[in-house]
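Biologist: I should like to learn how to read a structure of this kind, one feature at a time. May we begin with the model itself?

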Amino acid sequence: MRIDRTHRSWFIASVTILIIATVAYIPYALFYPGGPRGNSLPGLAYGVVGYGMMLFAGLLGARKKVPIWRIGRAQTWMRGHLWLGALSLPMILFHAAFAARGPLTMVMTVLLYAVVLSGITGAAIQHFVPRRMFLTAPQETIYEEIPNVRDQLLAEASAIVDKLCAEPQAAALAASSLETGRTTVAVVEEADEILLSDEERANVRRVYVDEILPFLRNPDRRDSPLSVSVEAQRFFEALRRQSPPAVHESLRDLESICSEERQLSRQRRVYFLLHGWLLVHVPLSITLLVLGGIHALVAIRY
Amino acid sequence: MKTIELTIDDKPVVVEAGTSVFDAARMNGIAIPVLCHAQNERPVGVCRVCTVDCGDKVLQASCVRPAENGMKVFTKSDKVRKHRRMILELLMSDHPSPCARQRVSGDCELETQAAAEGIVTPRFSKRISPRGQDDSSLVISVDHEACILCDRCIRGCDEIRQNNVLGRRGKGYNAGISFDLNRPMGNSSCVSCGECMVSCPTGALTNKSVIHTVLPGGDPVGVEELKQLPFFQKISGTFLELNKNAVIKRHFKPGEIICREGDYGSTAFYILEGKVDIFLSSMSKDKAGTASGPGFIEKLTSVFSPRKKSTGVRNADGTIPMDAVIDLTLDNPVAELHEGDIFGEMTCMSLYPRSATVRAKTDCVMLEMLRNVLDVIQRNKTLRAELEKNYRKRALEDHLRTVPLFSTLTPEFIDMLAHKVELVRYSKGEVLCRQGEAALNFFLVRIGFVKMVEEHPGGDLVLAYQGKGGYIGDIGLMKRGTYAFTVTALDNVEVVRIGAEEFREMVAQFPVIAWSLNASANKREEHNKRHSSAVAAISLDSFLKQGLMEANSLLVIDLEKCTRCDACVRACSDAHDGVTRLIREGLRFDKYLVPTSCRHCRDPLCMIGCPVGSIRRRNSLETVIEDWCVGCGLCARNCPFGNITMTELPNTGTQKAVVTKRKATSCDLCADLPEPSCVYACPHDAAKRVEPNQFFKIMLAPSTTDDTFVTPGSVEGGRR
């Protein structure tokens, strides 16, 4: 989610709540008999409010599981998650009076910092990275479709090379199967214009098998010259210099296929960045909520 | 167009060159019996029942014989009647009389014509080898015994519906119709659209079950009752039987509103009894819709702030306020209709919102029918010509009365103008006027969109586009004498064309219009100059090429906010029994992805030709596909954006509709929910349903805030 002008009201409300909480904390911290602590009335109030904010933030995951339930727009829940989740940190710190007096509370404090920090990181990622994806992967597709698209690109590249490297008769037959009402001689004459000599055919096939095909089969590998756009450009320029002009268009098609493969690889990496941080944030948050609940029960009971 | 003169049954007639003898007779009220020719199909001259004497060596099949200048045609001479009788008798000898159609609806065309010729029992013996029946289809019963090999079903399937399932098999006595490569109908690629059955003149193809159309609010009407009415006489009884409840009878009390101007709809009305008044209650200016609702904090804080005063729809004095120099009154009907009149067909035909409000003046009984029924009625060319004539007259008058530019014209001048102007239709790509040509006409856009392009040596520049309510030709007529740009239709366009002479008379008599047009022409020229030097024309061109201006409600995803979490797709799927109507893939416009999801177009091509009238609009913007869809796939093929998907649906056993292999599905804007689920479920504020003309206004005209040349949209926020 981009943090933009539309968050202004949430920002103002959060800052207001923070200011009020801080203003209320100062005299409590300075003048409360016995000093500020978690089990004092104000301390409990801060704790309940802070835990309530964390709970609401944690419910976002559940909200996403029921997308069509009319319990508030997902956008509202997300904004609440961001701002109330961030506010929960000072609330809990005020509750604990900036101290951790036991192993459980120590762990919880560390977890709280980790969750908020990972959350802020995630918010930053989701603020900046979508635009990056938009700019660097204009041909992006649905993530789950990437393997299918890759299969199609591979098939397309193979078809281009097969056509380039086909024997004259085979090419004519292939072309004539698509044309009706044309003589085979005319087709063969036309086909001869795009065919290579035996040596050139062998060269194209060798380059395809040795360099292009391995890359297309495993586009995420970094050791191929085709995995970097500048080097790929040089590679194809060199190939074009070695090849007759008639095949340059086919080589450009192969080049654009490789370019699309690189974009898909880029898309995968960016996608992992966009969603991978949740692998840290979500387990930590669940742990924190569970421990918070245990802490509350233990504190009430004992 | 060149005309020719001939006589038919000693009656002199004048027709356009190229007209067939059959059509020449039909247009002049002379009916020639026929079996293999349906007016909406290409004539093939197979049955020879329409034989006439044209003075040639042999009798000719009138449906395929072109009329010639000076021809003398006799359709009822003894020779012709003798031949026609023989043909009918031969056909009847191979026909199981009474066939299924004759038994059910009494309108087998062969048996009706044979009876008219007095043929009771043919003299010739019946064939020995049976041709058989085919009951494999769930919807249509095939009786090869009753088939007269007229090929109407083949032409219906191949040329009208383009399903290409039906064909001919065999030769001579073994000839017959076949499905795919002579498979049983139920095992073929037949999509059960029913077109073959509608086309069949006999009981060879009849319906086995009804489509279970559910048109609410009225009583079902029997086939026998419908066949008494002139509009329905030529419609196949088996079609009417199949589409029971696609025509219902409704009763209205005096004062009751039958349909409201601006509402969407997909039905036409035929008045059986009573009178109705027609009102025009608003000018041709799109209404501003509601923006998306306030957020959480805004709702919270709005408790403390005074609410904004909402603009009312109506003034206290009963007038309708609008952005014009006058207000129109509700109590001033512009027309009255009576028994036997039809209305609402404009909405049915053009698929645009109702153009007028209709209110019952007396107790009324009328028939309400779906578009597929009106489509079949219109196959009768004579009836279609009459409907077209009424449509043009009414459309013309409505439009002239509601254009703000003409608000100062007197009713008398509008009536005079209505007789002199033309309603002209252009298909996509047709040119209305060319840059540099003498300005001879003023165009008012009634339906559709047009593109205004300035031609330059280095390449053409798209300056703007105009939709409903826009006009072209003012600069040419008022200032330059020639058109300033080339105007091309972007889709099916209808314009009111006013000739230069009438235009000049109008501006001379009504100086306010001249002043208004001069001011608008000056602004437009200034805009064009600025736009010519701006690079932003690329955006407009892309906008038009993607057809975005056609959308009433466009789903866009801001790719700078979207985290590709697919919450929108999951929500759509959850809201529609696991079948998503949204695919998060499509073209891009600027930073927005335009996913594959119904755009609820102004000109919904998907609705054209639905054999059962199931894809339609009810009273609101949303395109809905009703339960009785038969899964023929025509709407999916018609949609230029690929937004309709054919989905295999399981037969739960509780479906009221005919069991089919698949059904069409598309976005219905979650009509039964306050907000589309995809937008509701997006956590990142990336998915929006917008009215694209408004939403992209700034981007398309960066050098001006003037919205004169980008037609204001009808809906803000995507929902009316």
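**Reading the model step by step**

Modeller: Chain B contains 22 helices and 37 strands. Please keep in mind that this is a predicted model.

Biologist: What percentage of the residues of chain B count as buried?

Modeller: A residue counts as buried when its relative accessible area is under 20%. By that rule, 56% of the 720 residues of chain B are buried. The chain exposes about 31,500 Å², and carbon and sulfur atoms supply 52% of that area.

Biologist: How does one judge whether contacts join residues that are far apart in sequence?

Modeller: One takes the contacts between residues at least 6 apart in sequence and asks what share joins residues at least 24 apart; in chain B this share is 73%. Distance in space is a separate matter. B:Met369 and B:Glu454, for example, are 85 residues apart in sequence, and their C-alpha atoms are 45 Å apart in space.

Biologist: Let us stay with B:Met369. In which strand is B:Met369 found?

Modeller: B:Met369 belongs to strand S21 of chain B, which covers residues 364-370. Its relative accessible area is 0%, so B:Met369 is buried. Beyond its neighbours within four places in sequence, B:Met369 touches ten residues' worth of surroundings that can be inspected one by one, among them B:Phe232, B:Ala246, B:Val247, B:Tyr270, B:Ile342 and B:Ile377.Biologist: How many of the seven residues of S21(B) are buried?

Modeller: In S21(B), seven of its seven residues are buried, so the strand is described as mostly covered by the under 20% rule. To read a strand, one looks at its two faces in turn. On one side of S21(B) lie B:Cys364, B:Met366, B:Glu368 and B:Leu370, and on the other lie B:Val365, B:Leu367 and B:Met369; both faces are covered.

Biologist: Which strands are joined to S21(B) by bridges?

Modeller: Strand S12 of chain B, residues 247-252, is joined to S21(B) by six bridges, and the two run antiparallel. In this pairing B:Val247 stands opposite B:Met369. Strand S14 of chain B, residues 267-273, also has six bridges to S21(B) and runs antiparallel to it. Here B:Ile271 is opposite B:Met366.

Biologist: How should I read a whole sheet?

Modeller: One begins with the order of the strands and then looks for the edges. An open sheet of four strands in chain B has the order S13-S20-S15-S18, with antiparallel pairing. Strand S13 (257-259) and strand S18 (335-337) stand at the edges with a single partner strand each, so one side of each has no neighbour in the sheet. From one strand to the next, the twist averages 30°.

Biologist: Which residue is the bridge partner of B:Phe279 in S20(B)?

Modeller: The partner of B:Phe279 is B:Thr357. Strand S15 (residues 276-279) and strand S20 (residues 357-360) of chain B are antiparallel and joined by four bridges.

Biologist: May we apply the method to another sheet?

Modeller: Certainly. Another open sheet in chain B has three strands in the order S6-S7-S10, again with antiparallel pairing. Its edge strands are S6 (133-134) and S10 (205-207), each of which pairs on one side only. Strand S7 (residues 140-143) and S10(B) are joined by three bridges, and B:Ile140 stands opposite B:Asn207.

Biologist: Which residues of helix H5 of chain B are buried?

Modeller: For a helix, one lists the buried residues and then asks what covers them. In H5(B), residues 152-160, the buried residues are B:Arg152, B:Cys153, B:Ile154, B:Arg155, B:Gly156 and B:Cys157. Their cover includes helix H4 (109-116), strand S8 (166-169), strand S9 (176-179), helix H6 (195-199) and S10 of chain B. After H5(B) comes B:Gln162, with a positive phi near 55°.

Biologist: Is B:Arg446 buried or exposed?

Modeller: B:Arg446 has 10% relative accessibility and therefore counts as buried. This residue is placed in strand S24 of chain B, residues 441-447. Leaving aside neighbours within four places in sequence, its contacts include B:Met346, B:Tyr391, B:His399, B:Lys468 and B:Glu494.

Biologist: Finally, which residues make the nonpolar surface patch of about 650 Å²?

Modeller: The patch is made by A:Leu278, A:Val282, A:Ile286, A:Val290, A:Ile294, A:Val298 and A:Tyr302. A:Leu278 lies in helix H11 of chain A, residues 278-301. With a relative accessible area of 30%, A:Leu278 is partly exposed.

Terms used
Residues numbered from 1 in each chain as written. Chains lettered and ligands numbered in written order. Predicted model: local features only at pLDDT ≥ 70, side-chain atom pairs only at ≥ 80, totals over all residues. Heavy atoms only, no water. Patch = residues over 30% accessible without salt bridge, like charges linked within 9 Å, V, L, I, M, F, W, Y side chains within 5 Å. Areas by Shrake-Rupley, 256 points an atom, 1.4 Å probe, with all protein chains shown as cover. Salt bridge = Lys/Arg side-chain N within 4 Å of Asp/Glu carboxyl O. Buried < 20%, exposed > 50% of the residue type's maximum accessible area, 1.4 Å probe, protein only. Pairing = 2+ DSSP bridges. Axes fitted to C-alpha atoms, helices over the stretch in contact; angles between N-to-C directions. Contact = heavy atoms within 4.5 Å.
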